Amino acid sequence: MLMYLLQIPISAIFLYSIAAAAVLIYLPFLVVVYARVMIGYDIAAPRTMFDKLPPYAQRATWAHQNSFEAFMLFAAAALSAYATGVNSLLAVGAALAFVLARLLYSIFYILNQPILRSAMFGVGSFGIATLFVLSIIKATN
């Protein structure tokens, strides 16, 4: 896997990471779907089912919603790095760290591990900030 990543142009890694982050938005929702099926899905009123969901599925719903919020900032940061031609391993690390952190964020949220979840939120936020800073530096030079 690492050898494959080393052969991909850095600019493409930004685009692949955006696609991966988009997919990660929906992984927690698969847990919600499972819980809805287990309690009996009400197609007439799917939003009213939230209070009937078990706690892990409620947390999965929150993880899903938070993933939308984080994705918008990450997509902007990764596209900024792409558009300005950022070409550093630090930027690649920031993009990949965000994707991994968001995967773990959802897992830790669903498993009710708030400290680990918060740590992953911090790692992801740091990845976003790093991409923005590198983009600004590149654009002003």
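Ser106 counts as buried, at 6% relative accessibility. This residue of a predicted model lies in helix H4 and belongs to the lining of the largest cavity. The protein around Ser106 holds 5 helices and 0 strands, and the briefing below moves from that residue to the cavity, the overall architecture, the nonpolar core and two further positions in helix H3.

**Ser106 and its surroundings**

- With neighbours within four places in sequence left aside, Ser106 is in contact with Pro28, Ala63 and Ser67.
- One of these partners, Ser67, is listed together with Ser106 among the residues that line the largest cavity.
- The burial of Ser106 follows from its 6% relative accessibility, because a residue counts as buried when its relative accessible area is under 20%.

**The cavity**

- A search of the whole structure returns 1 cavity of 30 Å³ or more.
- The volume of the largest cavity is about 50 Å³.
- Its lining consists of Ala21, Leu24, Ile25, Ser67, Phe71, Phe98, Arg102 and Ser106.
- Three elements each contribute at least two residues to this lining: helix H2 (10-39), helix H3 (55-84) and helix H4 (89-110).
- Sorted by class, the lining comprises 5 nonpolar, 2 polar and 1 charged residues.

**Overall architecture**

- Read from the N terminus, the order of elements is α-α-α-α-α.
- Along the principal axes, the C-alpha atoms of the protein occupy a box of roughly 55 × 30 × 25 Å.
- The protein has 141 residues, of which 38% are buried.
- Among contacts with a separation of 6 or more, 74% join residues that are 24 or more positions apart.
- The exposed area of the protein is about 8,200 Å², and carbon and sulfur atoms account for 72% of that area.

**The nonpolar core**

- In soluble globular proteins, nonpolar side chains tend to be buried together.
- In this model the largest nonpolar core contains 26 residues, and Phe14, Phe74, Phe98 and Leu131 have the most contacts inside it.
- Two or more residues of this core come from each of H2, H3, H4 and helix H5 (114-140).
- The greatest contribution to this core is made by H2, which supplies 8 residues.
- Phe14, one of the core residues with the most contacts, touches Ala78, Ala81, Tyr82, Val86, Ala91, Val92, Ala95 and Leu131 when residues up to four places away in sequence are not counted.
- Leu131 therefore appears both as a partner of Phe14 and among the residues with the most contacts inside the core, a set built from buried residues joined through side-chain atoms within 4.5 Å.
- Phe98 is named among the best-connected residues of the core and also among the residues lining the largest cavity.

**Two positions in helix H3**

- Ala57 is located in helix H3 and, at 0% relative accessibility, counts as buried.
- Beyond its neighbours within four places in sequence, Ala57 makes contact with Val32 and Ala35.
- The C-alpha atoms of Ala57 and Val31 lie 6.3 Å apart in space, although the two residues are 26 residues apart in sequence.
- Gln65 is likewise placed in helix H3, but this residue is partly exposed, with a relative accessible area of 42%.
- Gln65 and Tyr82 are 17 residues apart along the chain, and 26 Å separates their C-alpha atoms.

How values were computed: Residues are numbered from 1 along each chain as its sequence is written. This is a predicted model: local features need pLDDT of at least 70, side-chain atom pairs count only at pLDDT 80 or more; totals for chains, interfaces and linings use all residues. Side-chain values use heavy atoms; hydrogens and water are left out. On a 1 Å grid over the protein atoms alone, a cavity is a set of points where a 1.4 Å probe fits but cannot get out, and a pocket is an open set with protein on both sides within 12 Å along at least five of seven lines; lining residues have an atom within 4 Å of a point. Grid points are joined across faces, edges and corners, and a volume is the space filled by probe spheres set on the points. Helices (H or I, at least four residues) and strands (E, at least two) are DSSP runs, numbered from the N terminus. Ala, Val, Leu, Ile, Met, Phe, Trp, Tyr, Cys and Pro count as nonpolar, Asp, Glu, Lys and Arg as charged, and the others, Gly among them, as polar. Buried means under 20% relative accessible area, exposed over 50%, partly exposed in between (1.4 Å probe, protein chains only). Contact means heavy atoms within 4.5 Å. Accessible areas come from the Shrake-Rupley method with a 1.4 Å probe; for residues, only the protein chains shown count as cover.
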